[in-house]
Amino acid sequence: MFAETRQRINHTLTRLIAAWERWHTPDWPLPWPIVLGLALLAFYLVSQVDIREDWHFTFYPAGQNWLDPYENSFHLVYPPWLALILALFTLLPEDLARGGFAAFSVILTAYTIRQLGGGFITLVLVLLTPFYVTIMVRGMVDALALFGLGVAMAGGPSPFGQAAALLLLLLKPQMMLGAAAFLCLFTLKTAYQENRYTPVIQLGLGSGGWLLLSFLIYGWWPQEVWIRLPDLYQVDNISPWPWGIPIGLLLLGVAYHRHSLPWATLATGFFMPYLNWYSLGGYLVILFARSPRWVAAAVLVLSWIWFIQYTA
């Protein structure tokens with residue numbers, strides 16, 4: 001009985017996914033000169049905006065004090081290796097650094113879109129959404145977690161590359177925890193099927209070694225994050241918790257059936273008590289890359305209508 005029910009569910013999921021993928025339309029190629037041009041445009045536009053939001057209060061101070069990032073940054077609820085990445089940008093003045101990180105975000109997002117099967121149209125539509133505009137202007141770090149998804153899907157240069165992907169995914173657990181968990185699950189599953197456990201050992205050594213090093217340098221930093229969580233700015237929270245759990249479970253079933261990290265990523269938001277609205281930009285990267293162009297364009301228009309009403 002159970003086996004028959006499972007077979008029917010798998011058959012139904014396969015038909016639904018196949019029907020969706022038939023709607024997918026080819027995208028234009030995404031050559032790197034165009035990506036660099038869009039990155040330079042983002043650098044110029046974002047660096048000209050006079051705004052004091054997350055970059056000013058949280059991320060720029062964390063990069064400036066990368067050996068003690070929780071001391072002077074406002075509500076830093078991220079692993080400390082984020083500060084190591086941000087430290088490179090603090091060599092520039094604050095507004096130029098924010099513009100530089102926006103340009104960097106465009107490049108990382110373009111890489112992930114290519115791994116997802118999207119191209120130029122996908123990238124442009126994503127960058128024009130109010131969610132991604134807000135991410136870049138406010139200096140949010142969503143693109144780093146998205147890049148982790150891209151690296152994981154590419155297979156990485158080695159299992160140690162997968163460990164780097166895992167650490168990047170954990171920079172934004174409220175958006176990428178499902179992908180991080182399924183990356184470990186799929187690695188274990190493949191190792192069991194092939195009776196070859198070296199990749200599992202390398203993934204464990206790479207990520208575990210880095211975690212151990214972070215504890216040696218920064219102490220028990222999860223406590224620092226935990227202390228700050230209750231003080232998060234909750235106004236921007238649009239989490240469907242707990243009513244979205246059934247949808248999340250369905251998406252996890254699709255993710256396991258398809259051996260798909262993007263589907264696991266989409267499931268994550270339905271399990272999180274906190275999800276800010278601009279993080280929807282990361283989910284739209286996945287949806288736009290695998291949607292008909294007219295669907296993506298319609299979502300773009302609707303997102304701006306929602307944003308205008310939300311901020312009115």
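At what angle do the axes of helix α7 and helix α8 cross? The close-ups below start with that pair and then move around this predicted model.

**View 1. Helices α7 and α8 meet at a crossing of roughly 70°.** Here you see α7, which covers residues 120–128, and α8, which covers residues 130–138. Their axes come within 4 Å. With that crossing angle, the two helices are roughly perpendicular to each other. From α7, the residues to look for are V126, L127 and L128, and they meet P130, Y132, V133 and M136 of α8. Sorted by class, this contact has 7 nonpolar residues, no polar ones and no charged ones.

**View 2. Y278 sits in the loop between α15 and α16.** Is Y278 buried or exposed? It's buried, with a relative accessible area of 4%; the cut-off for that word is under 20%. Setting aside neighbours within four places in sequence, Y278 is in contact with D54, F131, T134, I135, R138, M140 and D236. V133, a residue of α8 that also meets α7, is worth finding here too: its C-alpha and that of Y278 are separated by 8.7 Å, although the two residues lie 145 apart along the chain.

**View 3. Helix α11 crosses helix α15 at roughly 140°.** This close-up takes in α11 (residues 173–194) and α15 (residues 261–268), whose axes come within 7 Å. That angle makes α11 oblique to α15, and the crossing is right-handed. On the α11 side, the contact is made by P173, Q174, M175, M176, L177, G178, A179, F182, L183 and F186. On the α15 side, look for L261, A264, T265 and T268. By class, there are 10 nonpolar and 4 polar residues in this contact, and no charged ones.

**View 4. Helix α9 is largely enclosed by the rest of the structure, since 10 of its 13 residues are buried.** The helix runs over residues 142–154. Its buried residues are D142, A143, L144, A145, L146, G148, L149, G150, V151 and A152. From first C-alpha to last, α9 reaches 19 Å, close to the 18 Å expected. After the helix comes G155, with a positive phi near 95°.

**View 5. Helix α6 has 23 residues, numbered 94–116.** How far does α6 reach from its first C-alpha to its last? The span is 33 Å, close to the 33 Å expected at 1.5 Å a residue. Just past the helix you'll find G117, whose phi is positive, near 95°.

**View 6. Two residues other than glycine, N195 and H259, have a positive phi.** Start with N195, in the loop between α11 and α12. Its phi is near 55°, and N195 is exposed, with a relative accessible area of 62%. Now switch to H259, in the loop between α14 and α15. The phi of H259 is near 55°, and this residue is partly exposed, with a relative accessible area of 41%.

**View 7. A cis peptide bond runs from W241 to P242.** Zoom in on the bond itself and you'll see an omega near -5°. As for where to look, P242 is in the loop between α13 (221–228) and α14 (245–258).

Note on methods
Residues numbered from 1 in each chain as written. Predicted model: local features only at pLDDT ≥ 70, side-chain atom pairs only at ≥ 80, totals over all residues. Heavy atoms only, no water. Expected span 1.5 Å × (residues − 1). Buried < 20%, exposed > 50% of the residue type's maximum accessible area, 1.4 Å probe, protein only. Axes fitted to C-alpha atoms, helices over the stretch in contact; angles between N-to-C directions. Parallel < 35°, antiparallel > 145°, perpendicular 65-115°, else oblique. Left-handed = near helix turned anticlockwise from the far one by under 90°. Contact = heavy atoms within 4.5 Å. Nonpolar A, V, L, I, M, F, W, Y, C, P; charged D, E, K, R; others polar.
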